[in-house]
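Thanks for coming. I will go through the sheets, then the ligand, then the confidence scores.

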Amino acid sequence: MFASPQTVPAIVLDVGSRTTKAGFAGADLPQSLFPSIVGSYISEGGSLEGTPAKPLANTVFAGYENLLGSAERVRFLELRTAFDDDGIIQDWAAYEGLLDYTFHQLRASPEEYALLLVEASHNPKRPREELCQVLFEKYGVPAVYFGRSAALACVAAGRHTGVVLDCGASGVTATPVVEGNVMKQAILRSRVAGGNALTRAAAELLGGFDAVRPAYAFRRRALGRGTNKRDAADPEAATEELAAAASTDGSSSSEEADDRVDLIGGRTPDTESAASVAEGRMEFRIEPLDVHGVTRSYDEYARIEVVEDFKHHVCCVNREPSSVEDVAEDGTASNAVSWETRKADDEGLAGQPADPDIPPIRYELPDGTLVSIGAERYRPAEILFKTLPHARTIKEDRPFLAYIRERERGPSSSKGLAGMVADTIQRCEGAQHREMYAGVILTGGSSVLPGLSDRLQTELYFYHSRSKIHAAANPMERKYMAWTGGSILATFMDFQQNWFSRAEYLESGVSLVQKRCP
Ligand SMILES: Nc1ncnc2c1ncn2[C@@H]1O[C@H](COP(=O)(O)OP(=O)(O)OP(=O)(O)O)[C@@H](O)[C@H]1O
Ligand SMILES: [Mg+2]
């Protein structure tokens with residue numbers, strides 16, 4: 001903690017297109033993380049029959065606990081995002097749902113805290129002003145400040161000049177920062193290399209999203225531990241089995257608990273590792289659930305959640321560029337090992353022998369399918385190191401008109417993340433290049449893919465021998481650098497004069513925010 005008693009009490013909020021990070025200024029990490037997706041109930045048959053969704057009420061729900069729950073709750077729940085493809089706000093009701101949930105989560109009254117908003121470095125002016133109005137008029141916040149995420153990541157990294165490579169969900173953005181100022185005209189962004197694209201590529205390894213069983217569509221009924229770890233005569237195991245048998249009569253309270261449906265099948269991401277699946281697994285039976293009225297958006301999100309967890313636990317980056325190319329191109333090269341699955345009650349893992357150099361790891365999907373995956377787990381991340389079409393800011397209001405479609409090649413595309421960093425630097429003054437190469441700051445949720453930092457360092461070296469990647473060793477710190485930078489900035493005494501206050505808003509109008517927050 002680095003809060004000073006003289007500073008304004010503040011909340012720092014980074015609403016990403018996938019994850020919202022919120023907490024009090026002065027903390028090292030955000031206290032609250034939740035998905036940036038909201039739900040509202042639609043009339044029966046609405047979007048299911050392809051007709052536009054009709055919200056039954058204006059109520060917008062956010063947060064896992066409101067988007068999960070009993071089968072009854074999941075029915076007719078339409079999910080939506082507040083953002084367009086570049087992470088710019090387009091649905092204000094959805095965004096306000098996230099704001100409401102943030103204050104609720106932090107148990108904070110908006111009138112009592114200044115709000116430091118982390119905004120995408122490429123955020124145009126208009127949504128900023130609109131947001132300001134909402135915050136002052138509707139929420140009554142006393143003061144706001146908009147911090148560009150790259151500038152804030154630099155604060156967290158303790159650097160004034162560098163290039164921030166933000167590997168988020170909607171895309172990757174390379175932003176040069178000089179003496180704390182974002183060089184807007186030199187920002188490059190690619191939608192191809194974001195976490196969402198990686199999730200789609202990871203889904204291919206599982207046979208596509210359609211092949212994934214969403215967690216709402218079944219329930220796991222625990223039967224006790226597998227006999228591979230304990231003898232059936234073991235009295236403890238026998239007791240567990242008896243208890244499990246008793247619970248199948250449909251009358252116990254655990255039956256009610258089982259009726260609860262969630263997006264990831266009762267698993268807690270980041271706590272159950274792929275390795276833990278291999279030993280001492282609980283035996284369970286999968287029972288299909290006939291849940292009527294699940295909207296397309298909920299179904300889609302539920303499938304994405306399953307693949308995201310798979311991606312987080314299985315995918316990684318090959319440190320060696322050359323050998324990976326072989327895997328990436330066709331998957332049939334010598335070090336590519338195909339994946340095999342089995343249902344929990346099958347005999348065993350079938351399939352080809354694993355490559356001894358890349359031992360396969362096993363991962364259990366929520367429905368009990370075991371996946372054994374070797375070199376192919378390197379494949380999704382290869383999209384980060386191929387030709388990346390990217391866009392540059394050409395106009396304040398429509399920053400990505402110049403977006404180049406995936407298949408196009410040309411001057412607005414570069415060879416992978418390293419090339420993107422090099423192109424961004426090239427767009428800045430020559431005298432700054434050396435310092436920029438020496439300060440490449442890696443951040444964003446997708447930046448924690450194992451091996452990414454090393455591979456990037458290797459490839460960047462070919463562009464500049466003095467290049468140096470700054471990547472926090474702690475994955476949480478690396479992911480949430482922009483939030484942490486905002487948290488630090490809001491507690492600086494020198495910074496306090498930069499808040500755009502409600503009084504100033506009432507006196508001078510909303511456009512003053514552009515001057516206050518460069
Ligand atoms: N351990 C992990 N391994 C791989 N990817 C991860 C991991 N943890 C999070 N991610 C990915 O990071 C992405 C979310 O990152 P982040 O929170 O930086 O995005 P965001 O700020 O919500 O989106 P954006 O900046 O594009 O608006 C998701 O695609 C998620 O799958
Ligand atoms: Mg982000």
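**Sheets, ligand shell and confidence**

The first item is an open sheet of six strands with mixed pairing, in the order S3-S2-S1-S8-S9-S25. Strands, at least two residues of E, and helices, at least four residues of H or I, are DSSP runs numbered from the N terminus; two strands pair if DSSP finds at least two bridges between them. At the edges are strand S3 (32–35) and strand S25 (500–501), each pairing on one side only.

Before going on, this is a predicted model: local features need pLDDT of at least 70, side-chain atom pairs count only at pLDDT 80 or more, and totals for chains, interfaces and linings use all residues. Residues are numbered from 1 along each chain as its sequence is written, while chains are lettered from A and ligands numbered from 1 in the order in which they are written.

Back to the sheet. Strand S1 (residues 10–15) is antiparallel to strand S2 (residues 19–24), with five bridges, and Leu-13 faces Ala-22 in S2. Helix H3 (residues 92–106) lies across S1, S2 and S3 at about 40° to S2. Angles run from 0 to 180 degrees between N-to-C directions, with axes fitted to C-alpha atoms, for helices over the stretch in contact. Contact between two residues means C-beta atoms, placed from the backbone, within 7 Å. Helix H16 (residues 481–489) lies across S1, S2, strand S8 (114–119) and strand S9 (143–148), at about 160° to S1.

There is also an open sheet of three strands, antiparallel, ordered S5-S4-S7. Its edge strands are S5 (61–62) and S7 (77–81), each paired on one side only. Helix H10 (residues 296–314) packs on this sheet, touching S4 and S7, and its direction makes about 65° with that of S7.

Now the ligand. Which residues come nearest to ligand 1? Of the 23 around it (C-beta atom, placed from the backbone, within 6 Å), they are Gly-16, Ser-17, Gly-168, Gly-195 and Gly-445. Helix H6 (195–205) and H10 are the elements giving two or more residues to the shell. Ligand 1 lies between domain 1 (10–157 + 479–516) and domain 2 (201–381), because both give residues to its shell; the domain bounds come from an automatic or database assignment.

Last, confidence. The chain averages a pLDDT, the predictor's confidence in each residue from 0 to 100, of 78, and 72% of the residues score at least 70. Over residues 323–354 the pLDDT is below 50, although this stretch has 61 contacts in the model beyond near neighbours in sequence. Where pLDDT is low, the predicted coordinates should not be read in detail.
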